[in-house]
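Q: Got a minute to walk me through the strand layout of this one? I'd like to go sheet by sheet.

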Amino acid sequence: MQTMQEGQAGADAARRGIAVSVQGLGKSYGARQVLRGIDLTLAAGEFVAVVGRSGCGKSTLLRLIAALETPAAGAVRFGDGTALPETRVMFQDSRLLPWKNVADNVALGLSRHVDVRPVLQQVGLEDRAHDWPSVLSGGQRQRVALARALVHDPQLLLLDEPLGALDALTRIEMQQVIERLWRSRGFTALLVTHDVQEAVALADRVVLIEDGEISMDCRIDLPRPRSRGNPLFAKLEEDILSRVLQPA
Ligand SMILES: Nc1ncnc2c1ncn2[C@@H]1O[C@H](COP(=O)(O)OP(=O)(O)OP(=O)(O)O)[C@@H](O)[C@H]1O
């Protein structure tokens, strides 16, 4: 049963995320066309995962949405198109500065003083604020990277294989942290992953890129938080995986 507090959080959350509309997006590197005619819409606050074989263009799509690359064709539009959203990107590598402690890494790029203790507490690192990145585990470093993104209260969080280097257990723990914070904060999320199970665990929709185009867009109608033991979970995972592996 939903409590009133959770209902209110849900209402606030729905206001934070921003809709994303990708229209006719194309990208080439030299003579190699990586993406063509990509149409994709993310509703405000929606969690969408992008899967596909290595080299199919998942990260390129994410970088185009992040404006880290320029498209050869098409456009990306946010919300009503009047302003650029607060967007943050999290990569596989935490990209922490080794000469700054955890709190200073999280505060990096903030134009005003912000108390980073609440966000550190949200990622479970409240007691590590003064530690150097070198003494943290890979999972803890990714928690710092997540805190560094969230301290900006993003409307759009782009996740490029953020858990790709973690062991299986740490990975599941981090998926739970990301899902919990996405649900409470309500940002729109786009996750690039090669892990179909991760996509089914987290996403409202799983999108497959093949031959530079979107070849599948599958809604995941499972209650949250999701249990990997649920037969419907296993069936969806198997169906999507066999679709990904289907010979072109
Ligand atoms: N800066 C670049 N210059 C030239 N080619 C590039 C560049 N970036 C990506 N590519 C090429 O574009 C294609 C798509 O790359 P991209 O990184 O988007 O794939 P991906 O699906 O994310 O792969 P992976 O799952 O292995 O990370 C690949 O063939 C890659 O070699």
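Q: In what order do the strands of the six-strand open sheet come, and what is the pairing like?
A: Keep in mind that this is a predicted model. The order is β5-β6-β7-β3-β8-β9, and the pairing is mixed.

Q: Which strands stand at the edges there?
A: That would be β5 (87-90) and β9 (213-219). Each has a single partner strand, so one side of each has no neighbour in the sheet.

Q: And what does the twist average from one strand to the next?
A: It averages 20°.

Q: How many bridges link β6 and β7, and in which sense do they pair?
A: Five bridges, in the parallel sense, with β6 covering residues 156-160 and β7 covering 188-192. Within that pairing, L157 sits opposite A189 in β7.

Q: Which strands does helix α8 lie across?
A: Helix α8 (residues 231-245) lies across β3 (47-51), β8 (205-210) and β9. Its direction is at about 10° to β8.

Q: OK, switching sheets. What's the strand order in the three-strand one?
A: It goes β2-β1-β4, again an open sheet, with antiparallel pairing. The edge strands are β2 (32-42) and β4 (73-78), each pairing on one side only. Neighbouring strands are turned by 20° against each other on average, ignoring direction.

Q: Over how many bridges do β1 and β4 pair?
A: Five, in the antiparallel sense; β1 spans residues 20-29. As one of the residue pairs, Q23 has A75 in β4 as its bridge partner.

Q: Where does helix α2 lie?
A: Helix α2 (residues 58-65) lies across β1, β2 and β4, and runs at about 120° to β1.

Definitions and conventions. Residues numbered from 1 in each chain as written. Predicted model: local features only at pLDDT ≥ 70, side-chain atom pairs only at ≥ 80, totals over all residues. Pairing = 2+ DSSP bridges. Helix = DSSP H or I, 4+ residues; strand = E, 2+ residues; numbered from the N terminus. Axes fitted to C-alpha atoms, helices over the stretch in contact; angles between N-to-C directions. Contact = placed C-beta atoms within 7 Å.
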